[in-house]
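Trainee: I have a new structure open and would like to learn how to read it. Could you walk me through some of its features?

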Amino acid sequence: MLELSIALVLLILAAAIALWAWWRLRGFSARPHHYHENFGGDYFRGLNYLLNEQPDKALEVFLQLAEVNPDTVETHLALGNLFRRRGEVEHAIRCHENIIAKESISPAERHHAMLELAEDYRRAGLLDRAEDLYHQLAESEEGRSVALQRLLEIYQQEQDWAQATRMAERLIPLSPSEVHPLVAHFHCERATAALKESELNEARAALAAAREHHPASLRCQLLEAEILLGESQPRQAIELLTRSLQQQPELLPVALDTLTAAYRADRATLELQQLLVSWLQQRQDVSAVIALAALHQQEGNVQQAQSLLIEQLRLNPNVHLLRCLLNLLAPAEYQQLSAQLRPIVEQLCDELLTGEVAFRCRQCGYGGHDHHWQCPSCKQWDSTWPVRGVTGK
Ligand SMILES: [Zn+2]
């Protein structure tokens with residue numbers, strides 16, 4: 001915070017000196033002598049107000065000081081941005097509106113000021129006004145790309161997937177490899193919402209649209225599997241999911257619930273057991289161990305479940321496995337663990353799992369208990385991956 005304040009003061013001083021020097025030169029060559037002297041005094045009066053946390057007075061001085069014209073637009077833009085960075089959005093808005101109101105500035109400068117003003121509105125939470133400005137800018141050659149990007153961010157924030165899709169589709173020609181997977185996610189969001197309402201046809205239509213943009217997306221395959229389950233076609237769901245997991249085995253924790261549901265619906269839990277066993281020969285996935293132990297337990301083979309967990313715990317110390325094992329111990333077996341040790345171990349497991357990070361964003365490092373297709377922190381899509389290790393799945 002202190003560093004930021006110092007940086008701001010330095011920035012203001014640098015801007016003041018540069019502007020003052022420029023004005024002096026200009027004043028000597030083109031203006032009456034008294035003009036630049038007044039400017040110097042007024043400028044430092046404004047600066048003084050700013051430094052003394054009196055932004056209202058400072059803004060008045062700065063706005064009167066130099067008329068907005070092609071020579072001073074940059075300075076006014078810098079001033080507006082400075083106010084915004086200080087959190088004084090109302091002053092930033094006044095400053096940027098003041099620029100836009102001038103007819104003497106070039107179209108490029110007007111677009112720049114409109115972008116800044118839209119950012120002010122966003123920061124102030126006036127999303128409607130920001131949207132209006134960005135839509136105007138999106139119609140112009142210069143502002144289109146940035147305006148569409150900002151609209152895309154706003155509509156994602158509002159979870160307005162239809163509008164987000166429209167904006168992204170206009171951005172496809174600019175960066176197809178980045179935008180196609182995004183559009184696929186927006187359609188997947190619509191498909192997920194439709195599935196929740198059991199609107200299978202609507203979900204299918206959204207999914208087909210998603211696939212056109214990203215045919216290899218695991219999310220599409222998962223949704224497809226859920227639709228197949230909804231249509232009582234579990235075998236097709238199983239084939240689809242096992243095929244996708246061969247391509248992206250690290251996503252098993254994300255797909256395992258749907259996969260298990262499909263095997264159950266197909267009354268093929270023995271087949272699921274075999275799949276999990278062969279899976280564990282290649283990869284030590286905690287989710288797969290827990291799913292297999294649960295299958296053994298449901299079939300009454302508690303001993304087998306315990307042996308599996310103990311064997312896997314030796315290979316891969318993991319708190320989920322330990323908790324699972326403790327749950328499976330019968331009262332008689334309590335004695336094997338000291339009566340005092342057990343609550344401590346249980347408490348330790350619970351505490352570890354409360355703050356557990358099972359999935360982490362590879363973009364920004366955000367961690368959480370649940371998987372997200374879009375990182376809640378940096379808003380990147382497809383950046384959240386299962387964490388391995390003591391608390392990982
Ligand atoms: Zn992130």
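Mentor: We will go from the whole chain to its helices, its sheet and a few single residues. Keep in mind that this is a predicted model.

Trainee: Let's start with the overall picture. How many helices and strands are there in the chain?

Mentor: The chain has 19 helices and three strands. Of its 393 residues, 46% are buried. You can also look at contacts with a separation of 6 or more: residues 24 or more positions apart account for 50% of them.

Trainee: Now the strands. How should I read a sheet?

Mentor: Strands of a sheet pair through backbone hydrogen bonds, and the pairing is either parallel or antiparallel. Here the three strands form an open sheet, ordered S2-S1-S3, with antiparallel pairing. Strand S2 (367-368) and strand S3 (384-386) are the edge strands, each pairing on one side only.

Trainee: Over how many bridges do S1 and S3 pair?

Mentor: Strand S1, residues 359-361, pairs with S3 over three bridges, in the antiparallel sense. To find the register on your screen, look for Arg360, which stands opposite Trp385 in S3.

Trainee: On to helices. How can I check the length of one, say H4?

Mentor: Count its residues and allow 1.5 Å for each step along the helix. Helix H4 (residues 73-85) has 13 residues, so its expected span is 18 Å, and its end C-alpha atoms are indeed 18 Å apart. H13 can be checked in the same way: its 14 residues reach 20 Å from first C-alpha to last, close to the 20 Å expected.

Trainee: Which residues of these helices are buried?

Mentor: In H4 they include Val73, His76, Leu77, Leu79 and Phe83. Asn81 and Arg84 are also buried there. In H13 the buried residues include Pro234, Ile238, Leu240, Leu241 and Leu245, along with Thr242 and Ser244. The cover over the buried part of H13 includes H12, helix H14 (252-265) and helix H15 (269-282).

Trainee: And what describes two helices that pack together?

Mentor: Two packed helices are described by the angle between their axes and the distance between the axes. Take helix H16 (residues 286-298) and helix H18 (residues 319-328): their axes come within 10 Å and cross at roughly 10°. That angle makes H16 roughly parallel to H18. On the H16 side, the contact is made by Val286, Val289, Ile290 and Gln297, and on the H18 side by His320, Leu321, Cys324 and Leu328.

Trainee: What about the stretch that follows H4?

Mentor: Just after H4, Gly87 takes a positive phi of about 85°. Then comes Glu88, in the loop between H4 and helix H5 (89-100).

Trainee: Is Glu88 buried or exposed?

Mentor: Glu88 counts as buried, because its relative accessibility is 16% and the cut-off for buried is under 20%. Its side chain makes a polar contact of 3.2 Å with the side chain of Arg86.

Trainee: Which residues other than glycine have a positive phi?

Mentor: Ser198 and Ser232 are two to look at, with phi near 60° for Ser198 and near 55° for Ser232. Ser198 sits in the loop between helix H10 (176-196) and helix H11 (200-213), and Ser232 in the loop between helix H12 (218-230) and helix H13 (234-247). Ser198 is exposed, with a relative accessible area of 59%. Ser232 counts as exposed too, at 61%.

Trainee: Can we finish with buried residues inside helices? What does Gln156 touch?

Mentor: Gln156 belongs to helix H8 (residues 144-157) and is buried, with a relative accessible area of 12%. Leaving out residues up to four places away in sequence, Gln156 touches Trp161, Phe186, Gln374 and Trp381. With Gln374 there is a polar contact between the two side chains, at 2.7 Å.

Trainee: And where is Ala118?

Mentor: Ala118 is in helix H6 (residues 107-123) and counts as buried at 0% relative accessibility. Beyond its neighbours within four places in sequence, Ala118 is in contact with Ala130, Leu133 and Tyr134. Ala118 and Tyr134 are 16 residues apart in sequence, while their C-alpha atoms are 6.8 Å apart in space.

Terms used:
Residues are numbered from 1 along each chain as its sequence is written. This is a predicted model: local features need pLDDT of at least 70, side-chain atom pairs count only at pLDDT 80 or more; totals for chains, interfaces and linings use all residues. Side-chain values use heavy atoms; hydrogens and water are left out. Two strands pair if DSSP finds at least two bridges between them. Helices (H or I, at least four residues) and strands (E, at least two) are DSSP runs, numbered from the N terminus. The expected span of a helix is 1.5 Å times one less than its number of residues. Buried means under 20% relative accessible area, exposed over 50%, partly exposed in between (1.4 Å probe, protein chains only). A polar contact is a pair of N or O atoms within 3.5 Å; within protein, one must be able to donate a hydrogen and the other to accept it, and residues adjacent in sequence count only if both atoms are side-chain atoms. Axes are lines fitted to C-alpha atoms, for helices over the stretch in contact, and angles run from 0 to 180 degrees between N-to-C directions. Angles under 35 degrees count as roughly parallel, over 145 as roughly antiparallel, 65 to 115 as roughly perpendicular and the rest as oblique. Contact means heavy atoms within 4.5 Å.
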